[in-house]
Amino acid sequence: MKLKDRTIKRLKGNYGQWILITGATSGIGKEMAIKLGEAGFNLVVTGRRKNLLDVLKQQLIEAYNIDVVVIAGDLSVEIDVIHLIEETEHLNLGIVILNAGYGTSGKFINSSIEKETNMLDLNCRSLLILTHHFAKKMKGQSKKGAIVLLSSMVAFQGVPNAANYAATKAYVQSLGEALSIELKPEGIDVLCAAPGPVETGFSARADMKMSKALKPKDVALPIINAIGEKTTVLPGFLTKFLVYNLRMTPRWGKIRIMGRVMKGFTKQQA
Ligand SMILES: NC(=O)c1ccc[n+]([C@@H]2O[C@H](COP(=O)([O-])OP(=O)(O)OC[C@H]3O[C@@H](n4cnc5c(N)ncnc54)[C@H](OP(=O)(O)O)[C@@H]3O)[C@@H](O)[C@H]2O)c1
């Protein structure tokens, strides 16, 4: 499936040609890069694995004849966040997709505090700095701007056995919901994308075994289509099914159900 012509026209007309995607070496970010490259956008792609970014750049240029800029770096480290800001200063980035992130799972008391704070630095701190920077930059640009924040369905309640990961995504979701109102008069659209389980590099790094999962291609297009149209998108049928099924459950009940689901996803850790 490709992006529809009218969506491409809307996005280019509103936001221009240049898009930044953090975390484009694999999974959801890579799939969005391919779909947006196919639609003729110029891309800035980031991630720690420069070799994968270089291969992606080559593929995108050969297939779609677009401009691609690779900026490798670890966004959990402030100096690399600043490097990304400096390297994109000369570009009119109309859409910024802050997708880089990872999860942890298992019993909080047994977790590594270094890993948990590193995840907080990547999922929240770097996302905050980049959102603040690009919102200010977009305000001064001639076209509108859009910022997409990768939240998750775990953002909507506490999740035992993934307590800190779910808390990082609750932060992202809350920030995005508020900014979507606050930044609208400045000409900036903010979208929170809250997928359910997706088969990517995520589960291996988080040490989770997900029983059912979407594919990156199931979520990439719905996220792109929702830019400028919604505040929150629940991409893919499975995401909608899971979130809507829990919608009538009181928050305390949702926490228990999500805890049971996560216990299943992490039972190999026992
Ligand atoms: N998969 C799911 O079930 C799911 C569900 C809901 C939300 N999400 C969210 O979706 C986003 C994308 O995840 P994914 O599922 O596509 O997983 P993924 O395949 O592991 O992709 C994560 C991306 O983030 C980059 N990244 C990770 N750590 C980084 C760091 N310290 N500095 C810079 N870049 C870093 C990775 O690149 P390098 O490894 O090259 O650095 C990779 O490109 C994440 O924010 C995740 O929390 C995922």
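**Cavities, sheet and pockets**

Start inside, where the largest cavity is lined by Thr 22, Leu 75, Leu 98, Ala 100, Leu 122, Asn 123, Ser 126, Leu 127 and Leu 130. A cavity is a set of points on a 1 Å grid over the protein atoms alone where a 1.4 Å probe fits but cannot get out, and lining residues have an atom within 4 Å of a point. This is a predicted model, with pLDDT of at least 70 needed for local features and 80 or more for side-chain atom pairs, while totals for chains, interfaces and linings use all residues. Numbering runs from 1 along each chain as its sequence is written, and side-chain values use heavy atoms, leaving out hydrogens and water.

Helix H5 (residues 113–139) gives the largest share of that lining, five residues; helices (H or I, at least four residues) and strands (E, at least two) are DSSP runs numbered from the N terminus. The lining of the largest cavity splits into six nonpolar, three polar and no charged residues, where Asp, Glu, Lys and Arg count as charged, Ala, Val, Leu, Ile, Met, Phe, Trp, Tyr, Cys and Pro as nonpolar, and the others, Gly among them, as polar. About 40 Å³ of space lies in this cavity, a volume being the space filled by probe spheres set on grid points joined across faces, edges and corners.

How many cavities of 30 Å³ or more does the structure hold? There are two. The second largest has a volume of about 30 Å³, and around it sit Thr 46, Ile 71, Ala 72, Gly 73, Leu 75, Asp 80, His 83 and Leu 84. Strand S3 (68–72) and helix H4 (78–87) are the elements that give two or more residues to this lining, with H4 providing the largest share, three residues. By class, you'll find four nonpolar, three polar and one charged residues there.

Now for the sheet. Seven strands make an open sheet with parallel pairing, in the order S3-S2-S1-S4-S5-S6-S7; two strands pair if DSSP finds at least two bridges between them. S3 and strand S7 (232–233) are at the edges with a single partner strand each, so one side of each has no neighbour in the sheet.

Strand S5 (residues 145–150) is worth a closer look. Its parallel pairing with S4 runs over four bridges, and the bridge partner of Val 96 in S5 is Ile 147. Six of the six residues of S5 are buried, so the strand is largely enclosed by the rest of the structure; buried means under 20% relative accessible area, exposed over 50%, and partly exposed in between (1.4 Å probe, protein chains only). Both faces of S5 are covered, with Gly 145, Ile 147 and Leu 149 buried on one side and Ala 146, Val 148 and Leu 150 buried on the other. S5 also pairs with strand S6 (residues 188–193), in the parallel sense over six bridges. One link to pick out is Ala 146, whose bridge partner in S6 is Asp 189.

Two loop residues make a handy contrast. Asn 65, in the loop between helix H3 (50–64) and S3, has a phi near 55°, a positive value in a residue other than glycine. Asn 161, in the loop between S5 and helix H6 (163–182), has a positive phi too, of about 80°, although it is not a glycine. Which of these is buried or exposed? Asn 65 counts as exposed because its relative accessibility is 68%, whereas Asn 161, at 18%, counts as buried.

Last come the pockets, a pocket being an open set of points with protein on both sides within 12 Å along at least five of seven lines. The largest holds about 1100 Å³ of space. Of the 48 residues lining this pocket, Gly 101, Tyr 102, Tyr 165, Thr 200 and Phe 202 are the closest to its centre. Elements that give two or more residues to the lining include helix H2 (27–38), S2, H5 and H6. Helix H10 gives the largest share, five residues. Its classes come out as 23 nonpolar, 19 polar and six charged residues for the lining of the largest pocket.

The second largest pocket has a volume of about 440 Å³. Among its 23 lining residues, Ser 105, Gly 106, Lys 107, Asn 161 and Gln 269 lie nearest its centre, so to speak of Asn 161 again is to meet the loop residue with the positive phi. H5, H6 and H7 each supply at least two residues of this lining, which divides into five nonpolar, 11 polar and seven charged.
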